[in-house]
Amino acid sequence: YLALALLVKAGSGQLTQEALEQQCVHQASRMSVLYGLDSPDFFDRAMFRSFLDLLRRRDFLGTDGTGRLVYEDGVIGPVLDDAQRVLSEQIRHSVLQVTHG
C-alpha cells in the first residue's frame, strides 16, 4: 500500500522505479520509528523492488522512454483499492499521513 500511495501521489511518469524504491524505504523507515515497528523487513528495499517488478510483469505498471513508471488510473486504481481492503483503517491512515506529510 505504501508503494502504491507514493506512486499515485507522485503521478504517472514522474518517478523511476529506483526513486520510488528509495522513497518507500525512507517512508517505511520513518513509519517504523514513529510507530515503534520493530521489523527490518518492513523497510527492506528488495521487498519493494519485488512488489514493483510484479506489478510490471502483470502490466499494472510500465515505463516510458525515460525509464519512469507509468500507469493508467483505471488500471492502478483497483489495485490500490484492493490493497486498502486488506489493511486496517489505522494503518492506511498512518501510511497516508507519512506519504502526504
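Student: Which element of the chain has the lowest mean pLDDT, and which the highest?

Tutor: Start with the term: pLDDT is the predictor's confidence in each residue, from 0 to 100. Here helix 5 (residues 89-100) has the lowest mean, 76, and strand 2 (residues 69-70) the highest, 98. Helices (H or I, at least four residues) and strands (E, at least two) are DSSP runs, numbered from the N terminus. Over the chain the average pLDDT is 87, and 90% of the residues score at least 70. Where pLDDT is low, the predicted coordinates should not be read in detail.

Student: What kind of model is this, and how are its features chosen?

Tutor: This is a predicted model, in which local features need pLDDT of at least 70 and side-chain atom pairs count only at pLDDT 80 or more, while totals for chains, interfaces and linings use all residues. Residues are numbered from 1 along each chain as its sequence is written, and side-chain values use heavy atoms, with hydrogens and water left out.

Student: Which residues of helix 1 are buried?

Tutor: Buried means under 20% relative accessible area, exposed over 50%, and partly exposed in between (1.4 Å probe, protein chains only). In helix 1 (residues 2-10), the buried ones include Leu2, Ala3, Leu4, Ala5, Leu6 and Leu7. Just after this helix, Gly11 has a positive phi of about 100 degrees.

Student: How do helix 1 and helix 3 pack?

Tutor: Axes are lines fitted to C-alpha atoms, for helices over the stretch in contact, and angles run from 0 to 180 degrees between N-to-C directions. Helix 1 packs against helix 3 (residues 45-57) at about 65 degrees, with the axes 10 Å apart. Contact means heavy atoms within 4.5 Å. On helix 1 the contact is made by Leu2, Ala3 and Leu4, and on helix 3 by Phe48, Phe51, Leu52 and Leu55.

Student: Why does Glu21 count as buried?

Tutor: Glu21, in helix 2, counts as buried because its relative accessibility is 4%. Beyond residues up to four places away in sequence, Glu21 touches Arg45, Arg49 and Leu52.

Student: Where is Gln27, and what is it in contact with?

Tutor: Gln27 sits in helix 2 (residues 17-35) and is buried, at 13% relative accessibility. Leaving aside neighbours within four places in sequence, Gln27 contacts Leu2, Leu6 and Val98.

Student: Is Leu80 buried or exposed?

Tutor: Leu80, in helix 4 (residues 73-86), is buried, with a relative accessible area of 15%. Apart from neighbours within four places in sequence, Leu80 is in contact with Tyr1, Leu4, Ala5 and Val8.
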